[in-house]
Amino acid sequence: MAALWGEENIYNLLPVEEAAAAAAFFPPRYVSKFRAAVKREARAQDKAPCKTMGVPKLQVPTPKDFLQKYSKTPKLPKRKKARGCKKSLMPTVLQRTEHPIMGFRSKKNFITANAAEAIMRVPKKPLRACIDVRKGDKFLIDSSGLVQKYLKKKDFGAVPRYLLKRNEEAKRAKEESDRCCKETLRQKCPRRVSKKEREDLLEGLKRNWEEINQAFQSMSVAVETIPRKLHREKLETQMKQLEHDIGTLEKHPLIYIANQ
């Protein structure tokens, strides 16, 4: 401001605090408290800020290994001769140095040979054809589908293998099912009680009936309390059930027991 208006100016009479105004407008710059420690650590480790930049130290290729034309083009492998391939039927071309055989004459009588071959040849079997009208079209019968060629096959009328396999599997499954059913019926069928078991059962029931009857006869005639009445009714019920079971066993000589 002083340089703009000179030394003696009315604006110079008022003091201007430019630094204070700038500090009030712009906050102070942030400085890390670890800055000095980082600098000391970098100096101790001999680090440079731009040490990794620049041209890398690599092995330079020699001038003899320059990039040649079509060097990176993929090349197909050489074609190998296929196995079992037929030879060419066309004869090879004679070279200039080769000369054909001159003056060679065959002694074969082609007329006699052709006549003998025609006589000995098996006559050709005529093709069966069919014509719808006198001057109509002719078509072969064998390839028309009208001839039943399948009758001449070796396996005609034979059962196919997949049907035989299917029948065997069905037969095996049926046998397994029948076996399981028989086993189930055998387990669930009633068991016959033997004669000895029947006699032992009758003796046991009669013995139980005698014991209950003895207990019933030993009771007093006058029953006054409720527990005595209930005990008497219980004994009577057991005796009736035992008498019913004994009568059933004596009535039926054959007894079967159902398996659960």
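These are my notebook entries on what I looked up in this predicted model.

**Entry 1: the overall layout**

I started with the chain as a whole. I counted seven helices and four strands in the protein chain. Reading from the N terminus, I get the order α-α-α-α-β-β-α-β-α-α-β. Of the 260 residues, 6% are buried. I also looked up the accessible surface, which comes to about 27,500 Å². Carbon and sulfur atoms own 58% of that surface. For contacts with a separation of 6 or more, I find that 51% are between residues 24 or more positions apart.

**Entry 2: the largest nonpolar core**

Which residues make up the largest nonpolar core? I listed twelve: Val193, Leu202, Leu205, Ile212, Phe216, Met219, Leu235, Met239, Leu242, Ile246, Leu249 and Ile255. Two elements give two or more residues to this core, namely helix H6 (195-217) and helix H7 (226-251). H7 provides the largest share, with five residues.

I then went through H7 for its buried residues, and they are Leu235, Met239, Leu242, Ile246 and Leu249. H6 is among what covers them.

I also checked the length of H7. It has 26 residues, and at 1.5 Å a residue it should span 38 Å. The C-alpha atoms at its ends are 38 Å apart, so the expected span and the model agree.

**Entry 3: arginine 198**

Buried or exposed, I wondered about arginine 198? With a relative accessible area of 16%, arginine 198 is buried, because the cut-off for that is under 20%. I find arginine 198 in helix H6. Leaving out residues up to four places away in sequence, its contacts are Val193, Leu249, Glu250, His252, Pro253 and Ile255. I picked out leucine 249 from that list. Arginine 198 and leucine 249 sit 51 residues apart in sequence, yet their C-alpha atoms are 7.5 Å apart in space.

I looked at valine 193 from its own side too. With the same neighbours in sequence left out, valine 193 touches Arg198, Ile255 and Ile257. Val193 and Ile255 both belong to the largest nonpolar core.

**Entry 4: salt bridges**

How many salt bridges does the structure hold? I get six. Side chains of opposite charge can pair when their charged atoms come close. I wrote up three of the pairs.

- Arginine 128 meets aspartate 142 in a salt bridge, at 2.9 Å from N to O. This pair links distant parts of the chain, 14 residues apart. Arginine 128 is in the loop between helix H4 (110-120) and strand E1 (129-131), and aspartate 142 is in the loop between E2 and H5. I have arginine 128 as partly exposed at 46% relative accessibility, and aspartate 142 as partly exposed at 30%.
- Glutamate 183 forms a salt bridge with arginine 186, and their closest N and O atoms are 2.5 Å apart. Both are in helix H5, and because they are three residues apart there, about one helical turn separates them. Glutamate 183 is partly exposed at 34% relative accessibility, while arginine 186 is exposed at 52%.
- Arginine 121 and glutamate 117 also meet through their side chains, at 3.8 Å from N to O. Arginine 121 counts as exposed at 55% relative accessibility, and glutamate 117 as partly exposed at 46%.

**Entry 5: the loop between E2 and H5**

Aspartate 142 made me look further along this loop, so I turned to valine 147, which lies in the loop between E2 and H5. Valine 147 is partly exposed, at 25% relative accessibility. Not counting residues up to four places away in sequence, I find valine 147 touching Arg128, Ile141 and Asp142. Arg128 and Asp142 are the two partners of the 2.9 Å salt bridge above.

Leucine 151 is in this loop as well, between strand E2 (138-140) and helix H5 (161-188). Its relative accessible area of 41% makes leucine 151 partly exposed. Which residues make the nonpolar surface patch here? I noted Tyr150, Leu151 and Phe156, with a patch area of about 310 Å².

Definitions and conventions: Residues are numbered from 1 along each chain as its sequence is written. This is a predicted model: local features need pLDDT of at least 70, side-chain atom pairs count only at pLDDT 80 or more; totals for chains, interfaces and linings use all residues. Side-chain values use heavy atoms; hydrogens and water are left out. Patches are made of residues with over 30% relative accessible area and no salt bridge: like charges are joined within 9 Å, nonpolar side chains (Val, Leu, Ile, Met, Phe, Trp, Tyr) within 5 Å. Accessible areas come from the Shrake-Rupley method with a 1.4 Å probe; for residues, only the protein chains shown count as cover. A salt bridge is a side-chain nitrogen of Lys or Arg within 4 Å of a carboxyl oxygen of Asp or Glu. Buried means under 20% relative accessible area, exposed over 50%, partly exposed in between (1.4 Å probe, protein chains only). A nonpolar core is a set of buried Ala, Val, Leu, Ile, Met, Phe, Trp, Tyr and Cys residues joined through side-chain atoms within 4.5 Å. Contact means heavy atoms within 4.5 Å. The expected span of a helix is 1.5 Å times one less than its number of residues.
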